[in-house]
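Biologist: I should like a close look at a single part of this model, namely the sheet and the helices around it. Please describe how the pieces are arranged.

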Amino acid sequence: MIKAVKGTRDILPPSSAVWNHVERIARDVFRAFNYREIRTPILEETALFARGVGEETDIVSKEMYTFEDRDGSSLTLRPEATASVMRAWIEHRLDQIPGLQKLYYIGPMFRRERPQKGRYRQFFQIGAEAIGSESPMVDAEVIQMVVEILNRAGLTGFKLLINSVGHPPCRAAFAAELRERLKEVAPSMCGDCQRRAETNPLRVLDCKVPEDQPIIEELPKISEYLDGPCREHFTVVKTMLDAVGVPYTINERMVRGLDYYTRTTFEFTHGDLGAQSAVLGGGRYDGLSESLDGPKAPGIGFAIGEDRLILALQAEGVKAEEKLDAYIAPLGAGMNPQALKLARELRRAGVKADMGDESFRLKKSFEAAEKAGARYIVIVGENEVASDTLAVKELATGTQEQVPRAELSRHLRR
Ligand code: ATP
Ligand code: MG
């Protein structure tokens with residue numbers, strides 16, 4: 001038997017209902033904030049991620065699905081979408097359009113990680129990017145939009161962590177100091193940290209190895225290295241979040257996994273997710289466009305891990321159901337054309353209606369209606385059609401009513 005590839009999953013009904021629920025809410029909220037959808041290809045040139053995300057990141061150094069195409073070029077299944085959105089923005093000269101570009105996307109991403117709860121090789125992200133403004137107002141608005149999505153989805157137990165990683169000059173000073181300090185302490189840290197101490201010292205800060213934590217506690221803090229404008233930017237973000245009543249915690253250790261971040265970074269965590277506690281991550285990336293040979297284009301964005309958001313919703317007991325209003329039961333095969341006509345009429349009027357693929361005896365029709373999860377069964381017999389009045393039974397209560405055809409759709413949608 002051929003099975004789904006390790007780390008990939010089939011999302012079957014009825015569980016797919018909660019995915020639809022989350023995506024519908026996200027689209028509504030994006031529209032409320034004037035974000036519009038962008039769809040970029042799943043395949044990109046490998047160089048896009050190597051340059052956009054950063055060679056030294058875990059994503060690029062060990063998680064990408066990269067292969068050689070038949071013509072010898074190197075292609076990669078996108079591990080994230082910010083680099084792709086920025087590529088599209090540059091390629092289509094969206095900088096020529098005045099004002100801020102507010103874009104969102106929903107789709108699968110691919111990373112070759114060790115599969116476990118909340119971590120898959122194909123997973124889904126719901127993300128957005130606001131490109132073209134350096135203003136901290138945009139940072140606060142983006143974070144507020146995330147909160148709106150989580151709230152409307154029905155999630156409560158989440159926590160917002162924010163930090164500022166400064167812009168490259170502050171970060172360079174901080175990284176130099178870290179590198180210096182790590183010379184003394186790195187030899188007693190884990191193998192990854194020993195390597196990162198050389199290649200990308202900031203990465204040491206998000207090491208998860210318990211034995212390393214006391215050492216990391218003692219390392220210098222980024223806040224001490226922020227210059228005036230970066231400090232001011234962060235202050236405004238915090239003031240704006242306070243103004244709209246979005247609670248947050250500052251986490252100076254949060255440097256996030258992608259190299260392109262500048263200034264504001266944030267993460268939302270949820271207590272019921274175990275080790276994979278980050279529901280989403282985001283931040284500002286003022287230098288990304290230039291690293292892809294684009295014009296200067298400050299931007300900020302985030303990506304919600306949809307799989308994890310759904311795990312968190314399920315842990316909180318949030319349910320989404322796809323309901324069926326009516327099951328149509330023709331009384332005998334002769335009534336099939338009439339039943340099909342009625343089904344069309346009801347569906348056009350917004351009723352969610354189903355019918356069998358043959359005409360059953362009434363008892364079997366009731367079983368089928370129940371199995372389909374219908375609220376009502378509508379019986380289509382000769383008398384019903386002749387009198388334009390249908391027999392409608394509510395399955396849960398057993399109450400049966402005669403409903404005039406003209407009122408039927410309203411009755412069923414109640
Ligand atoms: P983590 O530290 O958990 O590996 P990350 O920093 O690599 O996360 P990002 O690249 O910021 O994650 O992606 C944003 C969000 O996408 C994460 O917060 C998470 O919810 C989700 N995500 C990332 N990788 C996976 C994965 N392999 N499976 C499921 N969701 C993922
Ligand atoms: Mg990761």
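Modeller: In this predicted model, strand 7 (residues 158–164) pairs with strand 8 in the parallel sense, over two bridges. One residue pair may serve as a guide: Leu161 has Thr249 in strand 8 as its bridge partner. In general, the strands of a sheet pair through backbone hydrogen bonds, either parallel or antiparallel.

The wider sheet is open and consists of eight strands in the order 1-5-6-11-10-9-7-8, with mixed pairing. Strand 1 (36–37) and strand 8 (249–250) each have a single partner strand, so they stand at the edges and one side of each lacks a neighbour in the sheet.

Helices also pack on this sheet. Helix 4 (residues 82–91) touches strand 5 (101–110) and strand 6 (122–131), and its direction makes about 45° with that of strand 6. Helix 11 (residues 306–315) touches strand 5, strand 6, strand 9 (262–270), strand 10 (278–284) and strand 11 (299–305); the direction of helix 11 makes about 55° with that of strand 11.

Helices pack on each other as well. Helix 5 (residues 136–153) and helix 9 (residues 228–243) have axes 8 Å apart, at an angle of about 40°. These two helices are therefore oblique to each other, and helix 5 passes helix 9 in a right-handed crossing. At their contact, Pro136, Met137, Asp139, Ala140 and Ile143 of helix 5 meet His233, Val236, Val237, Met240 and Leu241 of helix 9. By class, this contact of helix 5 with helix 9 comprises eight nonpolar residues, one polar residue and one charged residue.

Conventions: Residues numbered from 1 in each chain as written. Chains lettered and ligands numbered in written order. Predicted model: local features only at pLDDT ≥ 70, side-chain atom pairs only at ≥ 80, totals over all residues. Heavy atoms only, no water. Axes fitted to C-alpha atoms, helices over the stretch in contact; angles between N-to-C directions. Helix = DSSP H or I, 4+ residues; strand = E, 2+ residues; numbered from the N terminus. Parallel < 35°, antiparallel > 145°, perpendicular 65-115°, else oblique. Left-handed = near helix turned anticlockwise from the far one by under 90°. Contact = heavy atoms within 4.5 Å. Nonpolar A, V, L, I, M, F, W, Y, C, P; charged D, E, K, R; others polar. Pairing = 2+ DSSP bridges.
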